[in-house]
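Biologist: I should be grateful for a close look at a single part of this model. Please take one strand and describe its surroundings in a connected account.

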Amino acid sequence: APAGAETASSCAPPATPTPAQTEGPYYKAGPPEPASLVEPGMAGTPVSLTGWVVATDCAPLADAKVEIWQADASGTYDNMGYRLRGYVLTDATGGFTIETIVPGEYPGRTEHIHVKVTPPGGSTLTTQLYFPGLQGNDADGIYDPALLLEVIEGPSGLTATYTFVVAV
């Protein structure tokens, strides 16, 4: 099925907006626009983060900025440069894909990816995405099951999918 069809089937208007979560201490403005955050020789399980950005009426939002930042496989953030930080713009179906790795845990937090979603002319949603089935999820005070990725294991790594619903 085309990407737009998949979005429509998983979205029923009026859709509930994706919950916002704390930005955390490690956000850094002005990241590059790479489709892949994976560098040669980088440790970690590859993950293709794929999804859609839609309005509460389930209409796809083209040219929405989807920005992510995360820890590396050992749970460390790059606060000097832009390693594992970047953004893409959604296509006409509201779809996007960012190649990255599964982030590591660090004390007090389960594995998570930080996200900012900014639709054209709309306000920014700041949130976090989580991986299913992790022991650390329940112990994490910020964790929200509404922000669980749908993860499929493939031969070259994981495909993680999420549909962001934003008020515009």
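Modeller: The part chosen here is β8, in a model that is predicted. A hairpin of two residues connects β7 to β8. Strand β7 covers residues 150-154 and runs antiparallel to β8, the two being joined by five bridges. Within this pairing, Glu153 is placed opposite Leu158 of β8.

β8 also pairs with β1, this time in parallel, through nine bridges. Here Gly51 stands opposite Tyr162 in β8. As for burial, eight of the ten residues of β8 are buried, so the strand is largely enclosed by the rest of the structure. The cut-off behind that statement is a relative accessible area under 20%.

β8 also contributes to the largest pocket. The space in this pocket amounts to about 240 Å³. Twelve residues line the largest pocket, and those closest to its centre are Ser10, Glu150, Thr161, Tyr162 and Thr163. Tyr162 therefore appears in two settings, since it stands opposite Gly51 and is also among the residues closest to the centre of the largest pocket, where lining residues are those with an atom within 4 Å of a point. The largest share of the lining, four residues, is supplied by β8. Both α1 (3-10) and β8 (157-166) provide at least two residues of that lining. Sorted by class, the lining of the largest pocket holds six nonpolar, four polar and two charged residues.

The loops that flank β1, the parallel partner of β8, bring in a further feature. The disulfide count comes to one, and the bond is formed by Cys11 and Cys58, with their sulfur atoms 2.0 Å apart. Cys11 belongs to the loop between α1 and β1 (46-55), while Cys58 belongs to the loop between β1 and β2 (65-69), so the pair ties together parts that are 47 residues apart in sequence. The torsion about the S-S bond of Cys11 and Cys58 is about -85°, and the disulfide is therefore left-handed. Both cysteines fall under the cut-off for burial: Cys11 is buried at a relative accessible area of 8%, and Cys58 is buried at 13%.

Taken together, β8 is joined to β7 by an antiparallel pairing and to β1 by a parallel one, and it supplies four residues to the lining of the largest pocket.

Terms used. Residues numbered from 1 in each chain as written. Predicted model: local features only at pLDDT ≥ 70, side-chain atom pairs only at ≥ 80, totals over all residues. Heavy atoms only, no water. 1 Å grid on protein atoms, 1.4 Å probe; cavity = no way out; pocket = protein on both sides within 12 Å on 5 of 7 lines; lining within 4 Å. Points joined across faces, edges and corners; volume = space filled by probe spheres on them. Nonpolar A, V, L, I, M, F, W, Y, C, P; charged D, E, K, R; others polar. Disulfide = S-S within 2.5 Å. Buried < 20%, exposed > 50% of the residue type's maximum accessible area, 1.4 Å probe, protein only. Pairing = 2+ DSSP bridges.
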